[in-house]
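Subject: The structure, and what turned up in it

Hi there,

Here is the structure I promised to send over. Have a look at it first, and then read on for my notes.

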Amino acid sequence: NVRVEVYDIRGRRMALLADRDFAPGEHGLVWAGRDTDGGAAPSGQYFFRIEAGGEVLIRKALLLK
């Protein structure tokens with residue numbers, strides 16, 4: 001199972017991009033810059049939390065408009 005979430009700088013969850021099984025191999029996900037309610041997220045720094053295979057990775061991203 002793979003879970004990918006987007007958090008803002010304050011630690012609030014902005015979006016859940018994936019929470020499902022993926023076949024082995026490379027995959028891509030796109031965040032449209034929207035929060036869980038569908039509203040536009042403001043420009044700023046965000047963190048992607050990726051959980052898969054018992055491991056957790058955190059990656060930073062910058063949303064510019």
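Let me begin with a loop. The backbone nitrogen of Gly 39 sits 2.8 Å from a polar atom in the side chain of Asp 35. That side chain has a second partner of this kind, since one of its polar atoms is 3.0 Å from the backbone nitrogen of Gly 38. Please keep in mind throughout that this is a predicted model.

Asp 35 belongs to the loop between E2 and E3. Is Asp 35 buried or exposed? Neither label fits: the relative accessible area of Asp 35 is 25%, so this residue counts as partly exposed, given that buried means under 20% and exposed means over 50%. Its C-alpha atom is 9.5 Å from that of Tyr 7, although 28 residues separate the two along the chain.

Ala 40 is in the loop between E2 and E3 as well. With a relative accessible area of 49%, Ala 40 is also partly exposed. If you set aside neighbours within four places in sequence, Ala 40 is in contact with Gly 33, Arg 34 and Lys 65. Between the C-alpha atoms of Ala 40 and Met 14 there are 10 Å, and these positions lie 26 residues apart along the chain.

Now for the overall picture. The chain has four strands and zero helices, which gives the pattern β-β-β-β when you read along the sequence. Its C-alpha atoms fill a box of roughly 35 × 20 × 20 Å along the principal axes. Of the 65 residues, 22% count as buried. Among contacts with a separation of 6 or more, 31% come from residues 24 or more positions apart.

Strand E1 (2-8) is a good place to look more closely. What does the side chain of Asp 8, in this strand, reach at 3.0 Å? The answer is the backbone nitrogen of Arg 10. The side chain of Asp 8 also joins that of Arg 12 in a polar contact of 2.7 Å. Asp 8 has a relative accessibility of 7%, so it counts as buried. Leaving out residues up to four places away in sequence, Asp 8 touches Met 14, Gln 45, Tyr 46 and Phe 47.

Glu 5 is another acidic side chain to click on, again in strand E1. Glu 5 counts as buried because its relative accessibility is 5%, and the limit for buried is under 20%. Its side chain makes polar contacts with two other side chains: that of Arg 13 at 3.1 Å and that of Tyr 7 at 3.3 Å. Not counting residues up to four places away in sequence, Glu 5 touches Arg 13, Ala 15, Leu 16, Phe 47, Phe 48 and Arg 49.

Next comes the nonpolar side of things. Which residues make up the largest nonpolar core? There are eight in all: Val 6, Met 14, Ala 15, Trp 31, Ala 41, Tyr 46, Phe 48 and Leu 63. Strand E2 (13-20) and E3 are the elements that give two or more residues to this core. In soluble globular proteins, nonpolar side chains tend to be buried together. Val 6 has a long contact list; beyond four places in sequence, Val 6 touches residues including the core members Met 14, Ala 15, Trp 31, Tyr 46 and Phe 48. Arg 12, Arg 13, Leu 17 and Phe 47 are also among the residues that Val 6 touches.

Last, the largest pocket, which has a volume of about 210 Å³. Its lining consists of Val 2, Val 4, Leu 17, Phe 22, His 27, Leu 29, Phe 48 and Ile 50. Seven of these residues are nonpolar, one is polar and none is charged. Strand E1 and strand E3 (44-52) each supply at least two residues of the lining. Phe 48 takes part in both the pocket lining and the largest nonpolar core.

Val 2, one of the lining residues, is found in strand E1. Apart from neighbours within four places in sequence, Val 2 is in contact with Ala 18, Asp 19, Arg 20, Phe 22, Glu 51 and Ala 52. The C-alpha atoms of Val 2 and Gly 38 are 22 Å apart, with these positions 36 residues apart along the chain.

Happy browsing, and best wishes!

Methods
Residues are numbered from 1 along each chain as its sequence is written. This is a predicted model: local features need pLDDT of at least 70, side-chain atom pairs count only at pLDDT 80 or more; totals for chains, interfaces and linings use all residues. Side-chain values use heavy atoms; hydrogens and water are left out. On a 1 Å grid over the protein atoms alone, a cavity is a set of points where a 1.4 Å probe fits but cannot get out, and a pocket is an open set with protein on both sides within 12 Å along at least five of seven lines; lining residues have an atom within 4 Å of a point. Grid points are joined across faces, edges and corners, and a volume is the space filled by probe spheres set on the points. Ala, Val, Leu, Ile, Met, Phe, Trp, Tyr, Cys and Pro count as nonpolar, Asp, Glu, Lys and Arg as charged, and the others, Gly among them, as polar. Buried means under 20% relative accessible area, exposed over 50%, partly exposed in between (1.4 Å probe, protein chains only). A polar contact is a pair of N or O atoms within 3.5 Å; within protein, one must be able to donate a hydrogen and the other to accept it, and residues adjacent in sequence count only if both atoms are side-chain atoms. Contact means heavy atoms within 4.5 Å. A nonpolar core is a set of buried Ala, Val, Leu, Ile, Met, Phe, Trp, Tyr and Cys residues joined through side-chain atoms within 4.5 Å.
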